[in-house]
Amino acid sequence: TYTTDTKSREENKKTIESLYRLSVDVKKIRRLKEWVLLQEVAYVQEIAGILQEMGADEAAVANILERCPEAVLHTPAEINSQRALWQLVCQNEKQLIKLIEQFPESFFTTEYHVNQKANILFFQELGLKNNIITRFLTSAPNIFYNPVEKNKDIIETLQRNYLSLGGSDANMKIWILKLLSQNPFILLNTSTAIQDNLEFLQKNDFTDHEVLQLLSKLKGFIFQLTASTMQESMLFSKRVFNCSDQELRELVLKCPALLYYSVPVLEERLEGLLKEGISVAQIKETPMVLELTTQIVQYRIKKLSALGYDIKSGTLESLNGTKKDFEVNYGKIQLKKERPIFNPVAPIHIED
């Protein structure tokens with residue numbers, strides 16, 4: 001946003017002196033974002049003052065300016081406006097300064113101030129809790145750069161489709177809020193892309209109820225795909241598992257990753273499993289194993305093998321799930337292996 005083509009190409013001595021006074025590592029800025037130091041106008045003391053007013057100590061101010069030196073190129077008025085805006089969703093200034101320290105780039109992007117404000121108010125009206133909106137501001141800031149009309153259009157498209165797929169009015173708000181909180185990046189799509197992807201699933205004979213199921217299971221990530229990539233992934237799975245269209249739909253409902261991951265990713269994961277001596281029939285029985293990376297699969301197989309558990313002859317269920325799920329399964333298998341033949345706490349009956 002700022003010109004790097006300054007006439008003199010000389011560093012602004014006043015900026016540098018002000019940064020040194022605040023114990024900022026100027027060498028780091030010089031190395032990463034030297035263009036900031038070349039600007040004729042900067043507001044180092046003023047921005048530092050605003051951060052201190054909010055409760056930032058000297059170390060926090062230095063850390064923020066080292067990570068996001070372009071902060072000093074904003075006017076105090078811009079930063080105060082941004083401060084008031086973020087206070088709409090922050091509990092207090094203590095929480096706000098903590099967020100700025102963690103995500104300075106998100107806070108100091110002031111160019112979209114009008115859109116940010118309109119979107120914050122829209123999300124609040126929609127029923128999103130403030131803690132979710134602050135999460136969006138820091139982890140998905142670009143959804144606030146959209147004009148609010150675009151975000152409203154996407155939400156309306158989702159609501160319309162939810163109802164046309166058989167969802168109820170009573171559950172719609174909860175469904176939308178859950179989908180948004182799981183994947184705010186849905187808002188970066190277009191209404192057309194959303195419509196096309198839903199139509200693709202319907203053309204492939206997924207029932208309305210099944211389409212809704214897939215939307216929820218995939219947490220809206222389905223909208224980041226295209227009909228052609230989904231088609232390729234489905235054809236790949238059909239060929240590998242040698243199954244009918246009906247069987248393929250059942251596999252996809254069991255494991256939406258078959259729809260979501262590209263062919264190269266599915267190929268790599270399949271090869272990794274086959275190298276471990278696992279058969280295609282076993283994978284077809286438990287396709288969810290394809291949701292795991294090859295490294296995770298190898299690590300889990302190694303751990304189970306150490307307990308004497310032969311994955312080739314057993315079910316793949318024990319490999320599945322999140323890290324927590326796996327640890328629980330692993331613990332059960334370990335306990336079974338270590339359990340003594342007799343119960344040491346059972347009462348012993350001795351004949352007189």
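Of the 352 residues of the protein you have open, 44% count as buried, where buried means under 20% relative accessible area, exposed means over 50%, and partly exposed is what lies in between (1.4 Å probe, protein chains only). This is a predicted model, in which local features need pLDDT of at least 70 and side-chain atom pairs count only at pLDDT 80 or more, while totals for chains, interfaces and linings use all residues. Residues are numbered from 1 along each chain as its sequence is written, and side-chain values use heavy atoms, with hydrogens and water left out.

**The whole chain**

Begin with a cartoon view, which should show 20 helices and 0 strands; helices (H or I, at least four residues) and strands (E, at least two) are DSSP runs, numbered from the N terminus. Along the principal axes, the C-alpha atoms fill a box of roughly 90 × 65 × 45 Å. The radius of gyration of the protein is 28 Å, whereas a compact globule of 352 residues would have one near 20 Å; this radius is taken over C-alpha atoms, and the globule rule is 2.2 Å times the number of residues to the power 0.38. Among the contacts with a separation of 6 or more, 72% are between residues 24 or more positions apart, a contact being heavy atoms within 4.5 Å.

**Ser23 and Glu66**

Select Ser23 next, which is found in the loop between H1 and H2. Ser23 has a positive phi of about 60 degrees although it is not a glycine, and at 43% relative accessibility it counts as partly exposed.

Now add Glu66, which has its place in helix H4 (residues 58–67). Leaving aside residues up to four places away in sequence, Glu66 touches Ser23, Val24, Asp25, Lys28 and Ile29. Which side chain of opposite charge is nearest to Glu66? It is Lys28, 4.1 Å away, and Glu66 is buried yet has no salt bridge. For these terms, Lys and Arg count as positive and Asp and Glu as negative, with His and the chain ends not counted, and a salt bridge is a side-chain nitrogen of Lys or Arg within 4 Å of a carboxyl oxygen of Asp or Glu.

**Salt bridges**

Side chains of opposite charge can pair when their charged atoms come close. The structure holds 7 salt bridges, and one of them joins Glu11 to Arg30, with the closest N and O atoms 2.9 Å apart. This pair links distant parts of the chain, since Glu11 is in the segment before helix H1 (13–21) and Arg30 is in helix H2 (residues 26–37), 19 residues apart. Glu11 is partly exposed, with a relative accessible area of 24%, and Arg30 is also partly exposed, at 31%.

Move on to Glu247 and Lys284, whose salt bridge has its closest N and O atoms 3.7 Å apart. Here Glu247 is in helix H15 (residues 245–254) and Lys284 is in helix H18 (residues 280–285), 37 residues apart, so that the pair links distant parts of the chain.

Select Lys238 and Asp245 as well, where the closest N and O atoms of the salt bridge are 2.6 Å apart. Finish this part with Glu53, Arg83 and Glu93, which are linked in a network of salt bridges.

**Aromatic rings**

The structure holds 10 aromatic pairs; rings of Phe, Tyr and Trp (its six-membered ring) pair if their centres lie within 6.5 Å, and planes under 30 degrees apart count as stacked, over 60 as edge-to-face and the rest as tilted. Show the rings of Tyr112 and Tyr145, which have their centres 4.2 Å apart and their planes at 15 degrees, so the pair is stacked. Tyr112 is in the loop between helix H7 (104–107) and helix H8 (113–126), and Tyr145 is in the loop between helix H9 (130–139) and helix H10 (148–164), 33 residues apart.

Compare Tyr260 and Tyr261, whose ring centres are 5.4 Å apart with planes at 65 degrees, so this pair is edge-to-face. Keep Tyr261 selected and add Arg269, which lies over the face of Tyr261 at 4.4 Å from the ring centre; a charge sits over a ring if NZ of Lys or CZ of Arg is within 6 Å of the ring centre and within 35 degrees of the ring normal. Lys303 lies over the face of Tyr330, at 4.3 Å from the ring centre. For a last stop among the rings, select Phe122, Phe123, Phe136 and Phe144, which ring pairs link into a cluster.
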